[in-house]
Amino acid sequence: VQMYDKSTPEIELEKEIEIKKDINIEQQPQTNYQKLVAVFEKNGFGTISPIASQKLNDELLDFTKENGSTDESFNVLNKAFEIAVVNGVSNLNYVLSITKRWYQSKLFTVSDIEASETKRNNKPNAEPKQDISKLSREEQLIAVMGKDGVRFD
């Protein structure tokens, strides 16, 4: 005789197994890829599509191949997302253009990127303009137009 207010032992056992699975899933740390997807979705980039997902994963793997650390690769890509958000751009291609520039410049870690930015920001802008008022007319033309008469300023 089955009691109607209680489930069968099999159903109770299945429920218990499902609860344990849910607990195990919640206790597992997120992968760096999953963290990047969360950054993507929480910062106005929308829901990640399969193509965008593949591009993001490929970028993570490329940086990991160069720097040897998925954690550092996550930090690099996260920094690119930060730059995009600060600039008001929620477009994956914008983020990938940032990381492409870093990759081509062989900047594979956040410390490399920050050092490069510091160096770039501390670089004197341009050479001071030459005071051409004291030059002859011919020298002034050469200074402004170049030797072949083509303006290069």
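1. Residue S73 is buried in this predicted model. Its relative accessible area is 0%, which falls under the 20% limit and therefore places S73 in the buried class. The residue belongs to helix 4, the segment that spans residues 70-86.

2. The surroundings of S73 can be listed residue by residue. Leaving aside residues up to four places away in sequence, S73 touches L60, F63, T64 and N67. With one of these neighbours, T64, there is a polar contact between the two side chains, at 2.9 Å.

3. A second buried position is T99, again with a relative accessible area of 0%. T99 lies in helix 5, and its side chain reaches the backbone oxygen of L96 at 3.0 Å. When residues up to four places away in sequence are not counted, T99 touches E59, F63, L77 and A80. F63 thus appears in the list of residues touched by S73 and in the list for T99.

4. As to the overall fold, the protein chain contains 7 helices and 0 strands. Read from the N terminus, the order of elements is α-α-α-α-α-α-α. The chain has 153 residues, of which 23% are buried. Among contacts with a separation of 6 or more, 53% are between residues 24 or more positions apart.

5. The packing of helix 3 (residues 50-67) on helix 5 (residues 92-104) deserves a separate point. Their axes come within 11 Å and cross at roughly 15°. An angle under 35 degrees counts as roughly parallel, so helix 3 and helix 5 are described in that way. The crossing of this pair is left-handed. Helix 3 contributes A52, K55, L56, E59, D62, F63 and E66 to the contact, while helix 5 contributes L92, N93, L96, T99, K100, W102 and Y103. By class, the contact comprises 7 nonpolar, 2 polar and 5 charged residues. The buried residue T99 is therefore to be read as one of the helix 5 residues in this contact.

6. Helix 3 also packs against helix 2 (residues 32-42), with the axes 10 Å apart and an angle of about 130°. Helix 2 and helix 3 are therefore oblique to each other, and their crossing is right-handed. On the helix 2 side the participants are N32, Y33, L36 and V37, which meet S53, L56, N57 and L60 of helix 3. This contact has 5 nonpolar and 3 polar residues, and no charged ones. L56 is listed in the contact with helix 2 and also in the contact with helix 5.

7. Which residues join helix 4 to helix 6 (residues 110-122), and at what angle do the axes cross? The axes of helix 4 and helix 6 come within 9 Å and cross at roughly 40°, which makes helix 4 oblique to helix 6. From helix 4 the contact draws on E72, N75, V76 and K79, and from helix 6 on V110, S111, I113 and E114. Divided by class, these residues are 3 nonpolar, 2 polar and 3 charged.

8. Two points may be kept in view when inspecting the model. S73 in helix 4 touches L60, a residue of helix 3 that takes part in the contact with helix 2. T99 touches E59 and F63, both of which are listed on the helix 3 side of the contact with helix 5.

Terms used. Residues are numbered from 1 along each chain as its sequence is written. This is a predicted model: local features need pLDDT of at least 70, side-chain atom pairs count only at pLDDT 80 or more; totals for chains, interfaces and linings use all residues. Side-chain values use heavy atoms; hydrogens and water are left out. Helices (H or I, at least four residues) and strands (E, at least two) are DSSP runs, numbered from the N terminus. Buried means under 20% relative accessible area, exposed over 50%, partly exposed in between (1.4 Å probe, protein chains only). A polar contact is a pair of N or O atoms within 3.5 Å; within protein, one must be able to donate a hydrogen and the other to accept it, and residues adjacent in sequence count only if both atoms are side-chain atoms. Contact means heavy atoms within 4.5 Å. Axes are lines fitted to C-alpha atoms, for helices over the stretch in contact, and angles run from 0 to 180 degrees between N-to-C directions. Angles under 35 degrees count as roughly parallel, over 145 as roughly antiparallel, 65 to 115 as roughly perpendicular and the rest as oblique. A crossing is left-handed if the near helix is turned anticlockwise from the far one by less than a right angle, and right-handed if clockwise. Ala, Val, Leu, Ile, Met, Phe, Trp, Tyr, Cys and Pro count as nonpolar, Asp, Glu, Lys and Arg as charged, and the others, Gly among them, as polar.
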